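Take a look at the chain below. Follow the charged side chains first, then step back to the overall fold.

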Amino acid sequence: MSPIENLHMAIGEIAYAIAISDGKVQREEREKFHAIVEAELRCKDYDFDISEIIFQIMDKDRADALTSYEYGMKEMLVNSHYLSPQLKKTFIRVIEKVAKAYPPVTKAEASLIERFKKEI
């Protein structure tokens, strides 16, 4: 995968970590999660299918939210030379929308969002 694809995989992991931090992602949540991430990250200039990346993330088995978050941040750091200020803003918007998709935003979700904002 290219560095840009890796960054998108990483934000998908982090968004997924936020979605599962308050429990299992239900079918409705899964659809909403997919729609948010695809809408925010869709770009005609990419030569890859963001929806395919998102489903790959969601179909993997996860140990817990923290594991997914840490994996995503590791990939962000490895590929950070491709992480523009605009892409950072987009990624923050994605995770905030994922957290707000099913109110209320829990302490666990808010904590991961704040951590992401500091680390990115």
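Glu-96 and Lys-117 form a salt bridge, with their closest N and O atoms 2.7 Å apart. This pair links distant parts of the chain. Glu-96 sits in helix α5, which covers residues 85–100, and Lys-117 sits in helix α6. The two are 21 residues apart. The model is a predicted one.

How exposed are these partners? Glu-96 has a relative accessible area of 24%, so it counts as partly exposed. Lys-117 is also in the partly exposed class, at 32% relative accessibility. The class runs between the buried limit, under 20%, and the exposed limit, over 50%.

Helix α6 takes part in another link as well. Arg-115, in helix α6, meets Glu-70, in helix α4. Their side chains form a salt bridge, at 3.9 Å from N to O. A salt bridge here requires the nitrogen to lie within 4 Å of the carboxyl oxygen, so the pair qualifies. Helix α4 spans residues 65–78, and helix α6 spans residues 107–119. Glu-70 and Arg-115 are 45 residues apart, and they too link distant parts of the chain. Glu-70 is partly exposed, at 40% relative accessibility. Arg-115 is partly exposed too, with a relative accessible area of 29%.

Arg-115 has a further partner. Its side chain meets that of Glu-119 in a salt bridge, 2.9 Å from N to O. Why are these two separated by about one helical turn? Because they are four residues apart in helix α6, Arg-115 and Glu-119 are separated by about one helical turn. Glu-119 is partly exposed, with a relative accessible area of 35%. Salt bridges with shared partners join Glu-70, Arg-115 and Glu-119 into one network.

Now step back to the whole chain. The structure holds four salt bridges, among them those described above. The chain has six helices and zero strands. Read along the sequence, the pattern is α-α-α-α-α-α.

What share of the residues is buried? Of the 120 residues in the chain, 44% are buried. The chain exposes about 6700 Å², and carbon and sulfur atoms supply 52% of that area.

The contacts complete the picture. Consider those in the chain with a separation of 6 or more. Residues 24 or more positions apart account for 80% of them. The bridge between Glu-70 and Arg-115 joins residues 45 positions apart.

Key
Residues numbered from 1 in each chain as written. Predicted model: local features only at pLDDT ≥ 70, side-chain atom pairs only at ≥ 80, totals over all residues. Heavy atoms only, no water. Buried < 20%, exposed > 50% of the residue type's maximum accessible area, 1.4 Å probe, protein only. Contact = heavy atoms within 4.5 Å. Areas by Shrake-Rupley, 256 points an atom, 1.4 Å probe, with all protein chains shown as cover.
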